[in-house]
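Student: I would like a close look at one helix and what surrounds it. Please take me through a single part of this chain from start to end.

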Amino acid sequence: MQDVVLAMLAKEPAHGYELRSRMRTALGPLGEAMNAGQIYVTLARLAKAGLVTSQRAEGLPDRPERRVYALTPEGQQRVAAWLTEVHWPKPDLAEFHLKLVAAAAARLADPVALVDAQRREVLRRLRDAQRAALDRSVEPDAGLLLEGVVLRLRADLDWLEACERRWTGLDRTGRKAGA
(Lines give C-alpha, C1' and ligand atoms only; values in the text may rest on other atoms or scores of the structure.)
Protein backbone atom coordinates (compact mmCIF):
# COMPACT_ATOMS: atom_id res chain seq x y z
CA MET A 1 0.00 0.00 0.00
CA GLN A 2 2.85 2.41 0.80
CA ASP A 3 4.36 2.17 -2.67
CA VAL A 4 0.98 2.71 -4.31
CA VAL A 5 0.36 5.84 -2.25
CA LEU A 6 3.84 7.14 -3.11
CA ALA A 7 3.25 6.51 -6.81
CA MET A 8 -0.10 8.29 -6.67
CA LEU A 9 1.72 11.32 -5.24
CA ALA A 10 4.33 11.27 -8.01
CA LYS A 11 2.02 13.11 -10.41
CA GLU A 12 1.25 15.93 -7.99
CA PRO A 13 0.83 16.61 -4.27
CA ALA A 14 -2.54 15.65 -2.84
CA HIS A 15 -4.50 15.28 0.37
CA GLY A 16 -5.64 11.91 1.72
CA TYR A 17 -9.19 12.08 0.45
CA GLU A 18 -7.97 12.89 -3.05
CA LEU A 19 -5.53 9.95 -2.97
CA ARG A 20 -8.31 7.62 -1.88
CA SER A 21 -10.49 8.90 -4.71
CA ARG A 22 -7.71 8.31 -7.27
CA MET A 23 -7.23 4.75 -6.09
CA ARG A 24 -10.95 4.01 -6.01
CA THR A 25 -11.25 5.32 -9.56
CA ALA A 26 -8.29 3.22 -10.72
CA LEU A 27 -9.62 0.05 -9.05
CA GLY A 28 -13.27 0.48 -10.02
CA PRO A 29 -15.61 -1.76 -7.99
CA LEU A 30 -12.64 -3.37 -6.20
CA GLY A 31 -11.82 0.02 -4.68
CA GLU A 32 -15.21 0.46 -3.03
CA ALA A 33 -14.12 -1.50 0.04
CA MET A 34 -11.03 0.66 0.57
CA ASN A 35 -10.86 1.98 4.11
CA ALA A 36 -10.28 5.75 4.18
CA GLY A 37 -8.39 5.46 7.45
CA GLN A 38 -5.85 3.19 5.81
CA ILE A 39 -4.71 6.02 3.53
CA TYR A 40 -4.10 8.35 6.46
CA VAL A 41 -2.23 5.70 8.47
CA THR A 42 -0.09 4.99 5.41
CA LEU A 43 0.62 8.70 4.89
CA ALA A 44 1.66 9.06 8.54
CA ARG A 45 4.07 6.12 8.18
CA LEU A 46 5.50 7.54 4.96
CA ALA A 47 6.01 10.93 6.62
CA LYS A 48 7.74 9.29 9.59
CA ALA A 49 10.01 7.40 7.16
CA GLY A 50 10.92 10.67 5.40
CA LEU A 51 9.34 9.65 2.10
CA VAL A 52 6.67 12.39 2.08
CA THR A 53 6.30 15.84 3.54
CA SER A 54 3.07 17.61 4.31
CA GLN A 55 1.76 21.07 4.84
CA ARG A 56 -1.59 22.49 5.78
CA ALA A 57 -3.72 23.87 3.00
CA GLU A 58 -6.53 26.23 3.74
CA GLY A 59 -9.94 24.72 3.32
CA LEU A 60 -12.96 26.12 1.57
CA PRO A 61 -15.76 27.75 3.57
CA ASP A 62 -17.67 24.46 3.69
CA ARG A 63 -14.58 22.24 4.14
CA PRO A 64 -12.00 22.00 6.89
CA GLU A 65 -8.33 22.70 6.47
CA ARG A 66 -6.49 19.80 4.83
CA ARG A 67 -2.98 18.43 4.91
CA VAL A 68 -1.41 18.15 1.45
CA TYR A 69 1.30 15.53 0.97
CA ALA A 70 4.22 15.60 -1.49
CA LEU A 71 7.10 13.26 -2.23
CA THR A 72 10.58 13.89 -0.87
CA PRO A 73 13.59 13.00 -3.04
CA GLU A 74 13.79 9.72 -1.10
CA GLY A 75 10.13 9.09 -1.90
CA GLN A 76 10.77 9.71 -5.58
CA GLN A 77 13.65 7.21 -5.51
CA ARG A 78 11.45 4.60 -3.84
CA VAL A 79 8.75 5.05 -6.50
CA ALA A 80 11.35 4.58 -9.24
CA ALA A 81 12.60 1.39 -7.57
CA TRP A 82 9.05 0.07 -7.05
CA LEU A 83 8.23 0.51 -10.71
CA THR A 84 11.05 -1.83 -11.70
CA GLU A 85 10.24 -4.60 -9.16
CA VAL A 86 8.91 -7.92 -10.44
CA HIS A 87 6.63 -9.87 -8.06
CA TRP A 88 5.62 -13.03 -9.87
CA PRO A 89 4.54 -15.82 -9.16
CA LYS A 90 2.55 -14.27 -6.30
CA PRO A 91 1.51 -10.96 -7.77
CA ASP A 92 -0.92 -8.65 -6.14
CA LEU A 93 -2.93 -7.94 -9.28
CA ALA A 94 -4.54 -4.82 -7.85
CA GLU A 95 -1.12 -3.46 -6.86
CA PHE A 96 0.30 -4.19 -10.32
CA HIS A 97 -2.73 -2.53 -11.92
CA LEU A 98 -2.23 0.56 -9.73
CA LYS A 99 1.46 0.54 -10.69
CA LEU A 100 0.44 0.77 -14.36
CA VAL A 101 -2.11 3.52 -13.69
CA ALA A 102 0.30 5.57 -11.57
CA ALA A 103 3.18 5.10 -14.01
CA ALA A 104 1.03 6.33 -16.89
CA ALA A 105 -0.64 9.19 -15.00
CA ALA A 106 2.62 10.66 -13.72
CA ARG A 107 4.60 9.64 -16.82
CA LEU A 108 7.03 7.80 -14.55
CA ALA A 109 7.41 4.77 -16.81
CA ASP A 110 5.90 3.21 -19.90
CA PRO A 111 3.14 0.83 -18.74
CA VAL A 112 3.82 -1.44 -21.72
CA ALA A 113 7.47 -1.76 -20.65
CA LEU A 114 6.34 -2.69 -17.13
CA VAL A 115 3.99 -5.34 -18.56
CA ASP A 116 6.79 -6.66 -20.73
CA ALA A 117 9.15 -7.00 -17.75
CA GLN A 118 6.48 -8.93 -15.84
CA ARG A 119 5.82 -11.13 -18.88
CA ARG A 120 9.50 -12.07 -19.15
CA GLU A 121 9.52 -13.12 -15.49
CA VAL A 122 6.31 -15.16 -15.87
CA LEU A 123 7.67 -16.87 -18.99
CA ARG A 124 10.88 -17.77 -17.16
CA ARG A 125 8.92 -19.26 -14.26
CA LEU A 126 6.54 -21.05 -16.64
CA ARG A 127 9.46 -22.63 -18.46
CA ASP A 128 10.95 -23.82 -15.13
CA ALA A 129 7.60 -25.20 -13.94
CA GLN A 130 6.98 -27.04 -17.22
CA ARG A 131 10.44 -28.63 -17.07
CA ALA A 132 9.82 -29.76 -13.50
CA ALA A 133 6.38 -31.13 -14.42
CA LEU A 134 7.92 -33.23 -17.20
CA ASP A 135 10.40 -34.83 -14.80
CA ARG A 136 9.34 -38.50 -14.51
CA SER A 137 10.75 -38.79 -10.99
CA VAL A 138 8.23 -36.29 -9.61
CA GLU A 139 5.64 -37.83 -7.30
CA PRO A 140 2.03 -37.67 -8.60
CA ASP A 141 0.90 -35.30 -5.82
CA ALA A 142 3.79 -32.93 -6.52
CA GLY A 143 3.01 -33.25 -10.23
CA LEU A 144 -0.54 -32.06 -9.55
CA LEU A 145 0.84 -29.02 -7.74
CA LEU A 146 3.18 -28.29 -10.65
CA GLU A 147 0.23 -28.56 -13.05
CA GLY A 148 -1.59 -25.95 -10.96
CA VAL A 149 1.45 -23.66 -11.08
CA VAL A 150 1.63 -24.00 -14.87
CA LEU A 151 -2.09 -23.23 -15.24
CA ARG A 152 -1.80 -20.20 -12.95
CA LEU A 153 1.18 -18.84 -14.86
CA ARG A 154 -0.65 -19.28 -18.18
CA ALA A 155 -3.60 -17.36 -16.76
CA ASP A 156 -1.19 -14.63 -15.60
CA LEU A 157 0.20 -14.41 -19.15
CA ASP A 158 -3.32 -14.02 -20.52
CA TRP A 159 -3.99 -11.21 -18.05
CA LEU A 160 -0.71 -9.50 -18.92
CA GLU A 161 -1.73 -9.64 -22.60
CA ALA A 162 -4.99 -7.93 -21.66
CA CYS A 163 -2.99 -5.27 -19.78
CA GLU A 164 -0.79 -4.73 -22.81
CA ARG A 165 -3.83 -4.37 -25.07
CA ARG A 166 -5.27 -1.76 -22.71
CA TRP A 167 -2.10 0.30 -22.63
CA THR A 168 -1.37 0.02 -26.36
CA GLY A 169 -4.99 0.32 -27.54
CA LEU A 170 -4.89 -3.00 -29.41
CA ASP A 171 -7.73 -5.49 -29.70
CA ARG A 172 -7.31 -9.27 -29.35
CA THR A 173 -6.22 -9.60 -32.99
CA GLY A 174 -3.39 -7.10 -32.52
CA ARG A 175 -5.14 -4.30 -34.43
CA LYS A 176 -5.76 -0.82 -33.08
CA ALA A 177 -9.12 -0.83 -31.28
CA GLY A 178 -11.86 0.75 -33.36
CA ALA A 179 -9.88 0.40 -36.62
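Tutor: Buried residues account for 32% of the 179 residues in the protein chain. The model is predicted. Its secondary structure comes to 7 helices and 3 strands, and from the N terminus the elements run α-β-α-α-β-β-α-α-α-α. The part to look at is α2, which covers residues 16-27.

Start with its length. α2 has 12 residues, and at 1.5 Å a residue they should span 16 Å; the C-alpha atoms at its ends are 17 Å apart, so the two values agree.

Next, consider which residues are covered. Gly16, Leu19, Arg20, Arg22, Met23, Ala26 and Leu27 of α2 are buried. Looking down the axis of α2, these buried residues fall within an arc of 160°, so they line one face of the helix. The spacing has a general background: an α-helix has 3.6 residues a turn, so residues three or four places apart point the same way. On the other side of α2, Tyr17 and Thr25 are exposed.

What lies over the buried face? The cover on the buried residues of α2 includes α1, β1 (14-15), α3, β3 and α5. Methionine 23 gives a detailed example. Setting aside neighbours within four places in sequence, methionine 23 is in contact with Met1, Val4, Val5, Met8, Met34, Ile39 and Leu98. Of these partners, Val4, Val5 and Met8 are among the buried residues of α1. α1 is itself mostly covered, with 7 of its 10 residues buried.

Two residues of α2 also stand out in a wider grouping. The largest nonpolar core has 37 residues, and those with the most contacts inside it are Val5, Leu9, Leu19 and Met23. At least two residues of this core come from each of α1 (2-11), α2, α3 (36-48), β3 (66-71), α4 (73-84), α5, α6 and α7 (140-168). α1 gives the most to this core, with 6 residues. The core also draws at least three residues from each of domain 1 (1-84) and domain 2 (95-176).

Contacts across the chain can be put beside this. Among contacts between residues at least 6 apart in sequence, 57% join residues at least 24 apart.

Finally, see where the helix stops. Just after α2, glycine 28 takes a positive phi of about 60°. To recap, α2 has a buried face that includes Leu19 and Met23, while Tyr17 and Thr25 on the other side are exposed.

Key
Residues numbered from 1 in each chain as written. Predicted model: local features only at pLDDT ≥ 70, side-chain atom pairs only at ≥ 80, totals over all residues. Heavy atoms only, no water. Helix = DSSP H or I, 4+ residues; strand = E, 2+ residues; numbered from the N terminus. Buried < 20%, exposed > 50% of the residue type's maximum accessible area, 1.4 Å probe, protein only. Contact = heavy atoms within 4.5 Å. Core = buried A, V, L, I, M, F, W, Y, C linked by side-chain atoms within 4.5 Å. Domains from an automatic or database assignment. Expected span 1.5 Å × (residues − 1). Arc of directions from axis to C-beta.
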